[in-house]
Structures are given as C-alpha cells and as structure tokens.
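Subject: Structure for your review

Dear colleague,

Please find below the structure that I am handing over to you. My notes on it follow directly after.

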Amino acid sequence: VMIGCLFMASCSSDWDDHYDESSITLANGSEVTIFNGSVTDYIKSASDLTKVNELFNRNDIFAETRSDGQYTFIVCTDDLYDESKINDEATFAEQSVANMSINPSKLVDGWNINMRSGKSVWVYDGGKRLDDCNIIKAVKADNGYVYYLVGHQRHSGRDALDAPVHGGPD
C-alpha cells in the first residue's frame, strides 16, 4: 500500500507539470485567461461583450448550449461590434459558435472549425488568425473556449455579412 501511495504521488506531480492549464498560450504568445465557469457564464459576465451577449440571447444561442456540452465561441468586444454589417442576425449568431471545444494547440494552418451554421472558419498564420480575423485574446472556461477576434472575415455564399465583421479597419 505504501509503495502504491508513493507511485500515485509521483505521477500526480508529473501530470500537473504536463497539463497545467495556467500555461496555455496562443500562437501570438499571449496567455489564455482561465475562467472558472461555463463559456456562457463568461460571456454573460464579461463587461466588454454586452452586445454579443444580447445577440446570443435574442437568437437562442445560449438556450441551445447545454451545461454538459463543449463549445468554442468567436466574439468581438462591444467597441468593435457593428450590427449594421450583419445581413442575417440569426445566421451570424450561429456562425459564432461551434459545438466542440477547440484548444489553442489545435489551431494549425489548414484546419477548420465547423460552426453551428455549417460555415467553416479556417485557421491561418500558424494559429494567429481565424479566416481574416486576428485572434487577440482567448478565455478557457470549464466547457470550452472564447476567442476574441478583430479584423475581416472571408465571405462565402453562406455568410450573413456584408463586410468587416468583428470590427477592424475596412
């Protein structure tokens, strides 16, 4: 029994060293913020995401987000959010969430994230961009990630946008 306890203690230390959540970084070198709670709790509580929060509430995004699910949200801050650029609010809201949790280490060139709307958001520049939007910040919650973006988004027939999305210069 004593040997088993020693073995478990040494493995625990190695496990913590290799899987320490506080050391997650983005490709641009910035640290990922850790939030103790769900992705929806984070978005609802973030003072810089009130417009996106309202969009998600109006379009039942949170109602379709289960507490036992895994998610990735792509968002922009209130100062960059431009509702006048959105053609179809419901589709845009569904283009902002994927029903899977995407760790920053999975953001590699040529990989895509399939959003609820069916749109594919592509990873570029070694994980620094999603479509034409730069990833400027990320938050890891208990059930997924929230990626803050700035810039332009590539357009396809399925997009619900006119022009720059998530803010940024034209």
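The notes below take the cores, the strands, a few loop residues and the cysteines in turn.

This is a predicted model, in which local features need pLDDT of at least 70 and side-chain atom pairs count only at pLDDT 80 or more, while totals for chains, interfaces and linings use all residues. Residues are numbered from 1 along each chain as its sequence is written, and side-chain values use heavy atoms, with hydrogens and water left out.

Nonpolar cores

A nonpolar core is here a set of buried Ala, Val, Leu, Ile, Met, Phe, Trp, Tyr and Cys residues joined through side-chain atoms within 4.5 Å. Buried stands for under 20% relative accessible area, exposed for over 50%, and partly exposed for the range in between (1.4 Å probe, protein chains only). The largest such core has 23 residues, and those with the most contacts inside it are Tyr 42, Ile 43, Phe 56, Phe 73, Val 75, Val 146 and Tyr 148. Two or more residues come from each of α2 (39-45), α3 (50-58), β2 (71-75), α4 (89-94), β7 (133-141) and β8 (144-151). Helices (H or I, at least four residues) and strands (E, at least two) are DSSP runs, numbered from the N terminus. A second, separate core of 18 residues includes Ile 24, Ile 113, Tyr 145 and Tyr 147.

Within the largest core, Ile 43 may serve as an example. Setting aside neighbours within four places in sequence, Ile 43 is in contact (heavy atoms within 4.5 Å) with Leu 49, Asn 53, Phe 56, Phe 62, Phe 73, Val 75 and Val 146.

Strands β4, β5 and β6

Strands β4 and β5 run antiparallel and are joined by three bridges; two strands pair if DSSP finds at least two bridges between them. Ile 113 has Val 121 in β5 as its bridge partner. The hairpin of β4 and β5 has five residues between the strands, and Gly 118 takes a positive phi near 100° there. β5 also pairs with β6 in the antiparallel sense, over two bridges, with Leu 130 in β6 as the bridge partner of Val 123. This second hairpin has four residues between its strands, and Asp 125 in the turn has a positive phi of about 50°.

The side chains of β5 alternate: Val 121 and Val 123 point to one face and are buried, whereas Ser 120, Trp 122 and Tyr 124 point to the other and are not.

Asn 112 lies in β4, which spans residues 112-114. Its side chain makes polar contacts (pairs of N or O atoms within 3.5 Å; within protein, one must be able to donate a hydrogen and the other to accept it, and residues adjacent in sequence count only if both atoms are side-chain atoms). The partners are the side chain of Asn 114 at 3.2 Å and that of Ser 120 at 2.9 Å. Not counting residues up to four places away in sequence, Asn 112 touches Ser 120, Val 121 and Trp 122.

Loop residues

Arg 116 is placed in the loop between β4 and β5 (120-124) and is buried, with a relative accessible area of 16%. Arg 116 and Asn 99 are 17 residues apart in sequence, yet their C-alpha atoms are 6.7 Å apart in space, and a polar contact of 2.8 Å joins their side chains. Other contacts of Arg 116 beyond four places in sequence include Ile 61, Glu 64, Tyr 71 and Glu 94. In the same loop between β4 and β5, Ser 117 is buried at 14% relative accessible area, and its side chain reaches the backbone nitrogen of Lys 119 at 3.3 Å.

Most residues other than glycine have a negative phi. Asp 60, in the loop between α3 and β2, has a positive phi near 55° and is partly exposed at 44% relative accessibility. Asp 131, in the loop between β6 (129-130) and β7, has a positive phi near 50° but is buried, at 1%.

Cysteines

A search of the whole structure finds zero disulfides, a disulfide being a pair of cysteine sulfur atoms within 2.5 Å. The sulfur of Cys 76 is 8.8 Å from the closest cysteine sulfur, in Cys 133, which is too far for a bond. Cys 76 is buried, with a relative accessible area of 1%, and Cys 133 is likewise buried, at 1% relative accessibility.

With kind regards
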